[in-house]
Amino acid sequence: MHQQQELNLPDAEVYFFPQFLSKEESDLYFVMLMKEVNWQQESIKMFGRQLSMPRLTAWYGDKSYTYSGLQNKPQPWLPVLLELKKRVEVVSGQKYNSVLLNLYRSGQDSMGWHADDEAELGQEPSIASLSFGAERKFSFKHKSRKDLKGQSITLHHGSLLLMQGQTQHHWLHHVPKTTRTVEPRINLTFRMVVE
Ligand SMILES: O=C(O)CCC(=O)C(=O)O
Ligand SMILES: [Fe+2]
């Protein structure tokens with residue numbers, strides 16, 4: 001059975017499965033995803049300037065979706081992504097119709113503070129986040145309650161993080177840069193995009 005931990009975050013529902021996939025399976029998935037995914041360098045308009053996103057991304061699924069101000073046209077599912085989607089659905093008890101992939105090439109790649117609270121994801125989105133490759137720190141901070149401490153967790157090769165309920169409503173999360181020398185990391189976030 002998959003060992004499951006619940007993070008102690010008020011106003012949130014976050015579960016962590018440290019051994020969701022074995023090391024051997026995760027090694028194979030990492031190589032396949034690196035090779036088969038159509039990784040793109042997107043840019044984002046900020047303060048009137050076009051800036052390169054500090055990571056590569058790809059979007060697969062059934063519906064288009066706005067993320068970080070970008071209109072993401074999905075690419076058709078790859079077999080490896082459908083396989084992972086099915087395995088994640090079994091554990092989470094949720095269905096997904098899209099996946100956003102992030103490739104953090106080095107410690108200089110990152111994701112800024114945000115919540116996945118776009119209207120397209122519905123009121124209480126369930127987001128399933130699968131990690132491969134290098135370990136990276138992932139932190140939470142509450143949007144309004146300054147009395148609550150932030151919390152960090154290390155997302156490692158083959159681990160699954162589930163965020164659901166009110167989590168996106170009340171908390172922000174990010175993947176900070178690190179000055180440590182780190183190998184590439186691939187992250188998949190499965191989502192259900194509603195109209
Ligand atoms: O890379 C991660 O672990 C987080 C990705 C994330 O927050 C997102 O894609 O919305
Ligand atoms: Fe996110």
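**Note on the predicted model**

1. Over residues 95-194 the chain is 47% strand and 4% helix, and the C-alpha atoms at the two ends of this stretch are 11 Å apart. The stretch carries the UniProt annotation "domain: Fe2OG dioxygenase", taken from an unreviewed entry. What follows concerns a predicted model, and the UniProt annotations may be inferred rather than shown by experiment.

2. Overall layout. The protein chain has three helices and 15 strands. Its C-alpha atoms fill a box of roughly 50 × 45 × 40 Å along the principal axes. A compact globule of 195 residues would have a radius of gyration near 16 Å, and the protein chain, at 16 Å, agrees with this. Buried residues account for 34% of the 195 residues. Of the contacts between residues at least 6 apart in sequence, 75% join residues at least 24 apart.

3. Nonpolar core. The largest nonpolar core has 39 residues, and those with the most contacts inside it are Val99, Leu101, Ala128 and Leu160. Strand β8 gives the most to this core, with five residues. For valine 99, the contacts beyond four places in sequence are Tyr60, Gly61, Leu81, Lys85, Leu188, Thr189 and Phe190.

4. Surroundings of ligand 1. The residues around ligand 1 are Leu100, Asn102, Met111, Asp116, Ser129, Phe138, Leu155, His173, Val175, Asn187 and Thr189. Two or more of these residues come from each of β8 (98-104), β14 (171-175) and β15 (185-191). By class, the shell has five nonpolar, five polar and one charged residues. Strand β8 thus appears both in this shell and as the element that gives the most to the largest nonpolar core.

5. Histidine 173. This residue is found in strand β14 and is one of the residues around ligand 1. Histidine 173 counts as buried because it has 25 C-beta neighbours inside 10 Å. Not counting residues up to four places away in sequence, histidine 173 touches Phe138, Ser139 and Phe140; Phe138 is also listed around ligand 1. The C-alpha atoms of histidine 173 and alanine 115 are 6.4 Å apart in space, although the two residues are 58 apart in sequence.

6. One annotated site. Under "binding site", the unreviewed UniProt entry lists Asn102, Tyr104, His114, His173, Arg185, Thr189 and Arg191. Among them, Asn102, His173 and Thr189 also appear in the shell around ligand 1. Histidine 114 is in strand β9 (residues 111-114). Histidine 114 is partly exposed, because 13 other C-beta atoms lie within 10 Å, whereas histidine 173 is buried. Thr189 is also among the contacts of valine 99.

7. A further set of annotated positions. Also under "binding site", the unreviewed UniProt entry lists Phe47, Gly48, Arg49, Tyr65, Thr66, Tyr67 and Asp117. Tyrosine 65 lies in strand β6 (residues 65-67), and threonine 66 is found in strand β6 too. Which of the two words, buried or exposed, applies to threonine 66? Threonine 66 is exposed, because 12 other C-beta atoms lie within 10 Å and a residue with 12 or fewer such neighbours is classed that way. Tyrosine 65 has 20 other C-beta atoms within 10 Å and is therefore buried; the cut-off for a buried residue is 20 or more.

8. Leucine 21. This residue sits in the loop between β2 (13-17) and α1 (23-36). Despite the loop position, leucine 21 is buried, with 21 other C-beta atoms within 10 Å. Leaving aside neighbours within four places in sequence, leucine 21 is in contact with Ser26, Tyr29 and Gly158. Leucine 21 and leucine 56 are 35 residues apart in sequence, and their C-alpha atoms are 23 Å apart in space.

Methods. Residues are numbered from 1 along each chain as its sequence is written. Chains are lettered from A and ligands numbered from 1 in the order in which they are written. This is a predicted model: local features need pLDDT of at least 70, side-chain atom pairs count only at pLDDT 80 or more; totals for chains, interfaces and linings use all residues. A residue is near a molecule or strand if its C-beta atom, placed from the backbone, lies within 6 Å of it. Ala, Val, Leu, Ile, Met, Phe, Trp, Tyr, Cys and Pro count as nonpolar, Asp, Glu, Lys and Arg as charged, and the others, Gly among them, as polar. A nonpolar core is a set of buried Ala, Val, Leu, Ile, Met, Phe, Trp, Tyr and Cys residues joined through C-beta atoms within 7 Å. Two residues are in contact if their C-beta atoms, placed from the backbone, lie within 7 Å. The radius of gyration is taken over C-alpha atoms; the globule rule is 2.2 Å times the number of residues to the power 0.38.
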